[in-house]
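Biologist: Please take a close look at chain B of this model. Walk me through how the chain is put together, from single residues up to the whole.

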Amino acid sequence: MFVLDDLLFRPIVGIVDTLHTMALNELYDLEALEDELKENQLLYEIGERSEEEYRRRKEELEAEIEIAQEVHERLSSGRVEVKS
Amino acid sequence: MTSNRYVYGIVDGDPVEFETDAVAGADQVYTISHRRLGAVVSDIDTTDPEETDEDAQRHDDVLREIMDERERAIVPMQFGMSFESDRTLKNVLRGARPAFRRAMNDIEGRIELGLKIVREEDADVDDEAIEAAVDDELEPIAAQSVPNDLFSDRLVLNRSYLVDREDREAFDEAVARLEGDEAHDHEDLTFRYTGPFAPYSFVDVEIGAQR
């Protein structure tokens, strides 16, 4: 029975794991955050965004990027645990 | 005293040396040479410098000082290249010599200029027609050009141009003409014309992992 359980169980864990990784990738989309950082700079440069607004957004995005980088490092090293 | 060297770029011929506000608090920029090629460097205490806005600006200021004030050609390095000793740096100069020479030939006497065209939010503009008009005006003047990432959906065009110093004025005028061109929904467009920069976009020298 153990062998059977194990075989049945394994693919499900695989799918959950993959879905979880995909969700994390989307939530912490590094590329999108970096693009937004560049857009923030551009809108400031063409005078569409005030300096105050630009700085505030820049700080927010840099903090988000730092978190996203950490998540991606953990994902690639397999240190993110799937908890149910 | 540290033996790590932070590199700004590569020059050909006479060494460059001056005092300035350099990366990571250094106050002196100088040259480490291997035969005719020289790496313009300052001292630093790490081989993994943190990229702050201030230091990125200093990196750029040093390159501009060399290009504009001294009118020297320099193959620019991206921010963050730091080597553990003069010996490793000379090895890099020796190993990448043909690549540096080629890059030097491409950029000598030339500057990089950038053009971004941004559409108003929700404006419906004809991207292809704008791109064609820009190409017609600018490509004949530029020595080379490369497209850059359209990192925002507001961007209609994002290109870097390598332009001979002597063609700079003609290029400026061509950009001004485009900006005033009413045929291309110019009310809905904002031009962001920048530079001159060190020609980062036109050198592609890979430096090995032997830092």
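Modeller: Glu54(B) sits in helix α1 of chain B, which covers residues 53-69. This is a predicted model. Glu54(B) counts as exposed because 11 C-beta neighbours fall inside 10 Å, and the cut-off for exposed is 12 or fewer. Glu131(B) lies 77 residues away from Glu54(B) along the chain. In space, the C-alpha atoms of Glu54(B) and Glu131(B) are separated by 34 Å.

Now take Gly38(B). Gly38(B) belongs to strand β4 of chain B. Is Gly38(B) buried or exposed? Gly38(B) is buried, because 21 other C-beta atoms lie within 10 Å and the cut-off for buried is 20 or more. Leaving aside neighbours within four places in sequence, Gly38(B) is in contact with six residues listed here: Ile10(B), Val11(B), Pro15(B), Thr31(B), Ile32(B) and Ser33(B). Lys90(B) is 52 residues from Gly38(B) in sequence. Their C-alpha atoms are 8.8 Å apart.

Next, the nonpolar cores. The largest has 35 residues. Val7(B), Val40(B), Ile74(B) and Val75(B) make the most contacts inside this core. Several elements of chain B each supply at least two of its residues: strands β1 (4-12) and β4 (37-44), along with helices α1, α2 (86-95) and α3 (97-107). A second core is separate and holds 17 residues, including Val134(B), Ala142(B), Val156(B) and Phe171(B). In soluble globular proteins, nonpolar side chains tend to be buried together.

Val7(B) deserves its own look. Again leaving aside neighbours within four places in sequence, its contacts are Ala39(B), Val41(B), Met77(B), Met81(B), Ser82(B) and Phe83(B).

On to strand β9 of chain B, residues 155-164. The strand is mostly covered, with seven of its ten residues buried. Strand β7 of chain B, residues 110-119, pairs with β9(B) in the antiparallel sense, over nine bridges. Within β9(B), Ser160(B) stands opposite Gly114(B). Strand β8 of chain B, residues 144-147, also pairs with β9(B) in the antiparallel sense, over four bridges. Here Val146(B) has Ser160(B) of β9(B) as its bridge partner. Ser160(B) is thus named in both pairings, opposite Gly114(B) and as partner of Val146(B).

What is the domain layout of chain B? The assignment gives domain 1 at 4-108 and domain 2 at 110-197. The C-alpha centres of the two domains of chain B lie 30 Å apart.

Step back to the whole chain. Chain B has five helices and ten strands. The C-alpha trace of chain B spans about 60 × 30 × 30 Å along its principal axes. Of the 211 residues in chain B, 33% are buried. Contacts in chain B often reach far along the sequence: among those between residues at least 6 apart, 75% join residues at least 24 apart.

Last, the contact with the partner chain. Six residues from chain A and six residues from chain B take part. On the side of chain A that touches chain B, two residues are nonpolar, four are charged and none is polar.

Notes. Residues numbered from 1 in each chain as written. Chains lettered and ligands numbered in written order. Predicted model: local features only at pLDDT ≥ 70, side-chain atom pairs only at ≥ 80, totals over all residues. Contact = placed C-beta atoms within 7 Å. Nonpolar A, V, L, I, M, F, W, Y, C, P; charged D, E, K, R; others polar. Pairing = 2+ DSSP bridges. Domains from an automatic or database assignment. Core = buried A, V, L, I, M, F, W, Y, C linked by C-beta atoms within 7 Å.
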